[in-house]
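Trainee: I am new to this structure and would be grateful for a close look at a single part of it. Please choose one strand, and explain what it pairs with and what lies around it.

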Amino acid sequence: MQTSNDWYPGHLKELTEKECLELLREQRVGRVAWCDADGPVVLPVNYRFEDDGVVFRTSAHSELARHFSPGPAAFQIDSVDDFVQSGWSVLVRGRAELLEWDELPEQNDRPESWAAGSRNVFVRITPTRVTGRRLLPS
């Protein structure tokens, strides 16, 4: 009997781009990453994913707004199940830019922040590469 290499416990499986995009559309919390003068920075954000990229919002006075500069950025979402030792992650690499008011998604398509306060700075990461992988249960 021959076994398939596609499925066995502890196997890391690459996700297709279609699978990655579906997961990005389903989730609402991820982490944005960029480098500033002191090195890498990673912060959690509420987001929405549309065909043109990841959109999140922040306060004009937040650390994210103060240190974020348009340019290269990354965004990651994931899910982990400690009990069965499995999970998945999706990584978006691309270019980040501040959105002007006329570039904002429709009101119903904008990300809603869980944190209290005014969050009127919108940022979009336009993907140049989307990858993901899944760790199969052990």
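Mentor: Two strands are said to pair if DSSP finds at least two bridges between them. With that rule in hand, strand 3 is a suitable part to examine. The model is a predicted one.

A few words on the setting come first. The protein has two helices and seven strands, and from the N terminus on its elements follow the order β-α-β-β-β-α-β-β-β. Its C-alpha trace spans about 60 × 35 × 30 Å along the principal axes. Of its 138 residues, 36% count as buried.

Strand 3 covers residues 39-50. Let us take its partners in turn. Strand 2, residues 29-36, runs antiparallel to strand 3, and eight bridges join the two. Within this pairing, Asn 46 of strand 3 has Val 29 opposite it. The connection between strand 2 and strand 3 is a hairpin that passes through two residues.

Strand 4, residues 53-58, is also antiparallel to strand 3, with four bridges between them. Here Tyr 47 faces Phe 56 of strand 4 as its opposite residue. Strand 3 and strand 4 likewise form a hairpin, with two residues between them.

Tyr 47 deserves a closer look. Its relative accessible area is 1%, so Tyr 47 is buried, the limit being under 20%. The structure holds two aromatic pairs. In one of them, the ring centres of Tyr 47 and Phe 75 lie 4.7 Å apart and the planes meet at 65°, so this pair is edge-to-face. Angles over 60 degrees fall in that class. The pair connects distant parts of the chain, because Tyr 47 belongs to strand 3 whereas Phe 75 belongs to strand 5 (residues 71-81), 28 residues apart. Phe 75 also counts as buried, with a relative accessibility of 1%.

The other aromatic pair, Trp 101 with Phe 122, is edge-to-face as well, at 6.2 Å centre to centre and 70° between the planes. Trp 101 sits in the loop between strand 6 (86-98) and strand 7 (121-135), while Phe 122 is in strand 7, so this pair ties together parts that are 21 residues apart in sequence. Trp 101 has 59% relative accessibility and counts as exposed, whereas Phe 122, at 3%, counts as buried.

Strand 3 also contributes to the largest pocket. About 250 Å³ of space lies in that pocket. Its lining consists of 17 residues, and Pro 44, Val 45, Arg 57, Ser 113 and Arg 119 are those nearest its centre. Strand 3, strand 4 and helix 2 (63-67) each provide at least two residues of the lining. The largest share, four residues, is supplied by strand 3. Sorted by class, the lining comprises eight nonpolar, five polar and four charged residues.

To draw the picture together: strand 3 pairs antiparallel with strand 2 and with strand 4. Its Tyr 47 forms an edge-to-face ring pair with Phe 75, and strand 3 gives the largest share of the lining of the largest pocket.

Terms used
Residues numbered from 1 in each chain as written. Predicted model: local features only at pLDDT ≥ 70, side-chain atom pairs only at ≥ 80, totals over all residues. Heavy atoms only, no water. 1 Å grid on protein atoms, 1.4 Å probe; cavity = no way out; pocket = protein on both sides within 12 Å on 5 of 7 lines; lining within 4 Å. Points joined across faces, edges and corners; volume = space filled by probe spheres on them. Nonpolar A, V, L, I, M, F, W, Y, C, P; charged D, E, K, R; others polar. Phe/Tyr/Trp six-rings, centres within 6.5 Å; stacked < 30°, edge-to-face > 60°. Buried < 20%, exposed > 50% of the residue type's maximum accessible area, 1.4 Å probe, protein only.
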